[in-house]
Amino acid sequence: MFKASTALATIVATTLTTAAWAEGEVNLYSSRHYDTDERLYSDFEEATGITINRIEGKADELIARMSAEGANSPADILLTVDTSRLERAKDAGVLQSIDSEVLEARVPAYLQDSNNQWFGFSQRGRVIFYDKNDVDNPPRTYLDLADPQYAGKVCIRSSSNTYNQTLLASIIEHHGEEAALAWADGVVANMARAPKGGDTDQLRGLVSGECEIAVGNTYYFARALRKNVKGVSDDIDMIGWIFPSQDAEGAHMNLSGGGVAAHAPNKENAIKFLEYLASDQAQQYFSGGNDEYPAVPGVGLSDTVAKLGHFKPDDVSLSAVAKNIPTAQKIFDEAGWR
């Protein structure tokens, strides 16, 4: 990672304190459900004088609502989690392309939509966890999860989970559809149980002995390092982790991001809020408050996230990956991954 230049820092600082910002409101539709985001909102309001009005809900419900509201929608911004949902919003026509020198400079190109309809603001690595007491040779790549030597050992979420959909979409992008189907078939054959629960439940499966290998996002594990998570934290020393594919494409990263609504009544304020999310201050909140990786290079990590160590992230264009998501779902269905 590299440090943001002084020039870029000046751009962001100037943007946040410009007098023209100190008026109006912005209407935020958000499916992020983290209490720590409150600091993002209050600091933006204090710095700019712009009032944030929020509507919170599940991503698909918010996208459907924006579609139904059409040109009369009050939404200025959609903020959500995972590339698949950002692309779903784009395909639904509820976002618009924007011009922002700040976002173009701050957010790496592979974390942006190719048409500038959405931008990533935080990341979570999708990694392999394992029971250090029972697994001497854990999988080193995503494709290794399909190796027959791990039969009956793997806990992983359902095919309806957006994190898994985007992971498989990235495997399609790197290795092709045939390899992706073979991978899905192999993982199904290696499952210790039928998919159930969230990422924290996969970690609990390791602790309980229900499985020996699990797939999950880094921030669930980092959270259990930072504070007590029932069924995980007390036995967390038994869990090892692998950032996969370090000699190849690198570890797959899930995004949290947002874009400006297609009919935003407060478009300029919406862009200003997205630019704020790319500031060093906001990026540090994402890491310190919710155990995520910043999207902007050079921003320091929280102590808990830093404990996971250095790794090579996959820098494939997530806009390209998103186009494979419908194919990924078909492959899941063909493999019988429920």
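**Reading Asp291 in its chain**

Analyst: In this predicted model, the side chain of Asp291 makes a polar contact with the side chain of Arg226, at 2.7 Å.

User: Where is Asp291 found with respect to the helices and strands?

Analyst: Asp291 lies in a loop, between helix H11 (280-290) and strand E9 (293-294).

User: How should accessible area be read here: is Asp291 buried or exposed?

Analyst: A residue is called buried when its relative accessible area is under 20%. Asp291 has a value of 1%, so it is buried. Across the chain, buried residues make up 57% of the 338 residues.

User: Which residues does Asp291 touch, leaving aside those up to four places away in sequence?

Analyst: Asp291 touches Tyr219, Ala222, Arg223 and Arg226, together with Phe286, Thr304 and Val305. Arg226 is also the partner in the side-chain polar contact.

User: What share of the contacts in the chain joins residues at least 24 apart?

Analyst: Counting contacts between residues at least 6 apart in sequence, 79% join residues at least 24 apart.

User: How many helices and strands does the chain have, and how is its radius of gyration to be read?

Analyst: The chain has 14 helices and nine strands. Its radius of gyration is 20 Å, close to the 20 Å that the globule rule gives for 338 residues, so the chain is as compact as a globular protein of that length. Along the principal axes, the C-alpha atoms fill a box of roughly 60 × 40 × 35 Å.

User: What does the chain expose, and how far apart are the mean positions of its charges?

Analyst: The chain exposes about 13,700 Å², of which carbon and sulfur atoms supply 47%. The mean positions of the 30 positive and 48 negative charges are 4 Å apart.

How values were computed. Residues numbered from 1 in each chain as written. Predicted model: local features only at pLDDT ≥ 70, side-chain atom pairs only at ≥ 80, totals over all residues. Heavy atoms only, no water. Helix = DSSP H or I, 4+ residues; strand = E, 2+ residues; numbered from the N terminus. Buried < 20%, exposed > 50% of the residue type's maximum accessible area, 1.4 Å probe, protein only. Polar contact = N/O pair within 3.5 Å; in protein donor to acceptor, adjacent residues only side chain to side chain. Contact = heavy atoms within 4.5 Å. Rg over C-alpha atoms; globule rule 2.2 N^0.38 Å. Areas by Shrake-Rupley, 256 points an atom, 1.4 Å probe, with all protein chains shown as cover. Lys, Arg positive; Asp, Glu negative; His and termini not counted. Charge placed at Lys NZ, Arg CZ, Asp CG, Glu CD.
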